[in-house]
Amino acid sequence: MLLEFRFKNYKSFVDETVFSMVPAPKQTGLDYSVLSQKAGSKERRALCSAVIYGPNASGKTNIIGAMETLKTIVLRGNIRNSDSDITPNIASSSLELIPNCDGNSSPTEISISFVEKELLIEYSLVMDLGCFLSKDYERKILGEKLLVNNKEIFSRGANLEVALPSSIRHLSNKSIKRITPKTKEIAENSLSDTELFLTNGFKNIFAKELVDMITNWFSDKFIVIYRSDAIKVMRKFAEPKDNTIYVETTLTQAAKEFGINSNALGYRSTDEGEDVVLCSIFSNNKVAIPADAFESYGTIRFINEFPLVINALINGGTLAVDEFDASIHPMALMNIISIFHNDEINKNHAQLIFNTHNPIFLDASLFRRDEIKFVERDSETKHSSHYSLSDFKTKDGIRKGEDYMSNYFINRYGAINEIDFSSILKRIITNSEDK
């Protein structure tokens with residue numbers, strides 16, 4: 001269960017940005033949107049959803065990108081470039097694309113806090129990546145810290161400090177009874193400027209089970225889709241033999257609710273070693289053709305996104321998707337959102353985060369004020385900033401139950417630009433007539 005994500009000097013976001021899934025103080029209503037999980041001796045509360053608004057090029061996608069970047073760095077275990085990370089978010093594998101492009105050489109900072117297996121995990125990373133496009137810059141990890149249930153486990157900076165409190169003893173390596181000068185010296189010698197202490201020295205010397213629990217959360221429960229149009233069909237549990245067709249019952253049923261009635265959906269493998277191919281299957285003549293040759297773009301988007309929703313609900317994951325709603329009918333989206341808000345279905349505390357341009361979600365009966373997020377970009381500095389509707393106090397005239405959509409379009413919340421192409425088009429048309 002994600003609680004908070006912070007980042008600084010990531011693309012258009014120069015100042016520290018806090019993306020919080022913790023309910024804002026004094027916010028009431030829609031209590032089904034608030035999840036609760038025990039961590040240590042306390043109950044931690046988090047929102048089950050968040051929707052992000054802002055004009056084109058404001059930086060909405062950069063929030064999702066920062067999340068995916070931290071995920072890939074943690075799973076990779078270093079801050080070196082990687083050619084193996086297949087993702088539309090090139091900055092996650094080519095880190096010289098991360099710093100803001102205005103010549104800022106400040107460190108990039110990313111941190112995250114989440115609850116997993118009744119533990120509050122807080123992990124932060126500070127990286128010196130040089131300036132934008134400094135590919136040959138000698139990168140260095142300036143700081144790295146891990147806290148569990150508010151107790152510092154390790155802190156890496158000018159010095160290295162390591163502790164193994166009783167709360168994580170069951171997850172620490174059996175060979176380590178206590179931190180001795182010798183083990184600390186070994187740990188210090190394991191440090192590398194470009195490698196995470198979390199997934200290298202700390203894991204190997206002190207607490208493999210704890211680190212595995214953390215990396216498994218990043219791998220399996222932190223589901224970040226930087227560009228939803230690049231989602232590929234998920235390989236199913238069955239491993240089809242060559243040229244064998246499998247009808248996927250659950251997906252077919254969901255697709256029929258979505259509006260597909262003339263055919264089933266399934267998977268077919270082709271040559272050995274290749275990924276399965278999503279197909280439209282026609283039972284009357286027993287033909288299966290690639291779905292992208294028959295189904296609409298919106299249908300393909302839905303088919304590729306729906307398994308991610310299932311994954312999040314089953315595993316209690318956090319699903320963060322760029323433009324989750326693009327090309328999908330609002331009624332289907334409303335139903336998916338309502339499922340995340342449904343305690344009887346969302347039993348494992350899954351969360352849904354997405355950005356959008358669709359104003360239909362600016363509805364007080366659908367989202368709480370702290371679930372509605374905004375991003376805007378300064379016209380002079382070109383730097384992005386992020387805030388929630390709940391940041392507008394009642395003294396500003398923003399009250400629960402107001403018409404959020406109308407207020408947004410009259411620019412009461414910011415994060416919206418006036419657009420007028422008429423002068424450009426008028427000039428082009430005039431020039432074409434003069435020729």
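This report walks through a predicted model of a protein, from its overall make-up to a few single residues.

**The whole chain**

The protein is built with 9 helices and 19 strands. Of its 435 residues, 51% count as buried. Its accessible surface comes to about 21200 Å², and 50% of that belongs to carbon and sulfur atoms. If you take contacts between residues at least 6 apart in sequence, 65% of them join residues at least 24 apart.

**Inside the protein**

In soluble globular proteins, nonpolar side chains tend to be buried together. Here, the largest nonpolar core has 61 residues, and those touching the most other members are Ile112, Tyr123, Leu146, Phe202, Phe206 and Leu210. Helix α1 (residues 60-76) gives the largest share of this core, with 7 residues. Apart from this core lies another one of 43 residues, including Val51, Ala254, Val309 and Phe340.

Tyr123 is a good residue to click on in the 3D view. Leaving aside neighbours within four places in sequence, Tyr123 is in contact with residues including Leu70, Val74, Ile112, Leu146 and Phe154. Glu144 is also among the contacts of Tyr123, and we will meet Glu144 again below.

Which residues does Asn346 touch, not counting those up to four places away in sequence? They are Leu35, Cys48, Leu313, Ile339 and Phe340. Asn346 sits in the loop between α7 (330-340) and β17 (351-355). Asn346 counts as buried because its relative accessibility is 4%, under the 20% cut-off. Its side chain reaches the backbone nitrogen of His349 at 3.4 Å.

**Charged pairs**

The structure holds 11 salt bridges. Three of them are set out here.

| Pair | Closest N to O |
|---|---|
| Arg6 and Glu4 | 2.6 Å |
| Glu144 and Arg156 | 3.0 Å |
| Lys174 and Glu209 | 3.8 Å |

Glu144 and Arg156 are both buried. Glu144 belongs to strand β8 (residues 140-148) and Arg156 to strand β9 (residues 151-156), so this pair links parts of the chain 12 residues apart. Lys174 and Glu209 are 35 residues apart: Lys174 is in the loop between β10 (160-162) and α2 (181-189), while Glu209 is in helix α4 (residues 208-221). Lys174 is exposed, at 58% relative accessible area, whereas Glu209 is partly exposed, at 43%. Shared partners join Glu4, Arg6 and Glu16 into one salt-bridge network. In that network, Arg6 is partly exposed at 27%, and Glu4 is partly exposed at 23%.

**Two residues with positive phi**

Most residues other than glycine have a negative phi. Asn9 has a positive phi of about 55° although it is not a glycine, and Lys117 has one of about 50°. Are these residues buried or exposed? Asn9 is buried, at 1% relative accessibility, but Lys117 is exposed, at 60%. Asn9 is placed in the loop between β1 (2-8) and β2 (17-20). Lys117 is found in the loop between β6 (108-116) and β7 (119-128).

**A nonpolar patch outside**

Finally, look at the surface. Phe421, Ile424, Leu425, Ile428 and Ile429 make a nonpolar surface patch of about 490 Å². Phe421 lies in the loop between α8 (404-409) and α9 (422-434). Phe421 counts as exposed because its relative accessible area is 54%, over the 50% cut-off.

Conventions:
Residues are numbered from 1 along each chain as its sequence is written. This is a predicted model: local features need pLDDT of at least 70, side-chain atom pairs count only at pLDDT 80 or more; totals for chains, interfaces and linings use all residues. Side-chain values use heavy atoms; hydrogens and water are left out. Patches are made of residues with over 30% relative accessible area and no salt bridge: like charges are joined within 9 Å, nonpolar side chains (Val, Leu, Ile, Met, Phe, Trp, Tyr) within 5 Å. Accessible areas come from the Shrake-Rupley method with a 1.4 Å probe; for residues, only the protein chains shown count as cover. A salt bridge is a side-chain nitrogen of Lys or Arg within 4 Å of a carboxyl oxygen of Asp or Glu. Helices (H or I, at least four residues) and strands (E, at least two) are DSSP runs, numbered from the N terminus. Buried means under 20% relative accessible area, exposed over 50%, partly exposed in between (1.4 Å probe, protein chains only). A nonpolar core is a set of buried Ala, Val, Leu, Ile, Met, Phe, Trp, Tyr and Cys residues joined through side-chain atoms within 4.5 Å. Contact means heavy atoms within 4.5 Å. A polar contact is a pair of N or O atoms within 3.5 Å; within protein, one must be able to donate a hydrogen and the other to accept it, and residues adjacent in sequence count only if both atoms are side-chain atoms.
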